[in-house]
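Dear colleague,

I am passing on the structure below, with a short account of what came out of going through it. Please read the notes alongside the coordinates.

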Amino acid sequence: MKKLREYAELFSVFFQIGAVTFGGGLAMLPMLERELVTRRRWLTAERLVDYFAIGQSTPGIIAVNVATFVGHSRRGIPGAIVATLGIVLPSILVICVIAGLLGTFADVPAVQKALRGINVVVAVLLVFAVSRVGVKTVTDWITGAIALTAFLVIVLWDVPAVLVVLVSALLGIIIRLRRERKKDAAV
Amino acid sequence: MSYAELFFTFLYVGTFTIGGGLVALTLMQQQLVTPGFITPDRFYSMVAVSESTPGPIGINMATYLGFEYHGIPGALVATAGTVLPSLVVIIIIARFFHVWRELPWVRAMFYGLRAGTTGMIAVAAWQVLTVAVFPVARFQASGRISELIDLRVLVFFAAVCIAYKRFQLHPAVYILCGAVFGIVFL
């Protein structure tokens, strides 16, 4: 019974977070901090940031990864699944309703005009999101070069993203480890 | 697109989305827009809806695209495909998290990975820019410079940039402004 209540709480926490955060990913951090760290004391703020770092550098949507991670830390594999269902369900409900409605009037000229205007706003939101992320990830000229190269090879030659992921991870290992070895040698 | 194709397409997206929803957008674009499964305009209107509704953008997009092909069952199949890889990978990582965290090569890998990821996110931004703000394809088709540079759009773009930087309002507010702008001026 106690177990069941814990699953229910896990589900409802992530359902709520999924239902009120727009954009996902980093936008979710303040909400998660309030619900999980301050109110429920399920984990420390540091651990939450760790989960984000991992969620960001492992396959999958960051928000889902963090939910899975927290769910697993609470109640193992069943907890991971319950938390994941919780974070995903609001999207499925809302989008199915909207898609069902929008499908019928997406061809109306006014709707198309509205969507063209909205796309301009989306461009702005994305540009700012990129600059926010970039400030944190591009910390020196090497990371700058990797980021720029990744951008260019995809835009110019449509190189598969998989390849970019693999090569940049490999470059990170080679460059960073060599640099650390040099530092150790100097000491 | 069959259920199996839908599932494996999104399984692919879920597996290689490293760095979050915006990377997923780039992958979905490569998997669906480039081969012609969906038009760019339709795709970006879906992005707009996914941005302005609750939930992670990557999940919203997967649900929406799945719905586009097979209704509610399609939405479930696409979302399941997107989520499955992270579920498996994160459960494995969570088990050994305390052991792996401090390994030098793991930290070195993240150092390069995050930078590459940033470049990939920038591609998503670039692609929306070249559809919505500087419509390159429409310019190439007509050859008229007026198609490429639309003053109304540029002024609105600049205004939103300034407003977004100044006032940290909810993104949905700006999305709404965009809709009104489109209906009135475009």
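Chain A has seven helices and one strand, and their order from the N terminus is α-β-α-α-α-α-α-α. Please bear in mind throughout that this is a predicted model. Of the 187 residues in chain A, 44% count as buried, and among its contacts between residues at least 6 apart in sequence, 43% join residues that are at least 24 apart.

In chain B, I looked at two helices in particular. The first is α5(B), residues 104-133, where 30 residues at 1.5 Å each should span 44 Å, which agrees with the 43 Å between its end C-alpha atoms. Since 24 of those 30 residues are buried, α5(B) is largely enclosed by the rest of the structure.

The second is α8(B), which covers residues 151-166; its 16 residues should span 22 Å at 1.5 Å a residue, and the end C-alpha atoms are indeed 22 Å apart. Its buried residues are V153(B), F156(B), F157(B) and V160(B). Viewed down the helix axis, the buried residues of α8(B) fall within an arc of 105 degrees, and they therefore line one face of the helix. On the other side of α8(B), the exposed residues are L151(B), V155(B), A158(B), I162(B), K165(B) and R166(B).

What, then, covers the buried residues of α8(B)? The cover includes α5 of chain A, residues 109-137, together with two helices of chain B, namely α5 and α9, the latter being residues 171-185.

With best wishes

Terms used
Residues numbered from 1 in each chain as written. Chains lettered and ligands numbered in written order. Predicted model: local features only at pLDDT ≥ 70, side-chain atom pairs only at ≥ 80, totals over all residues. Helix = DSSP H or I, 4+ residues; strand = E, 2+ residues; numbered from the N terminus. Buried ≥ 20, exposed ≤ 12 C-beta atoms within 10 Å, placed from the backbone. Contact = placed C-beta atoms within 7 Å. Expected span 1.5 Å × (residues − 1). Arc of directions from axis to C-beta.
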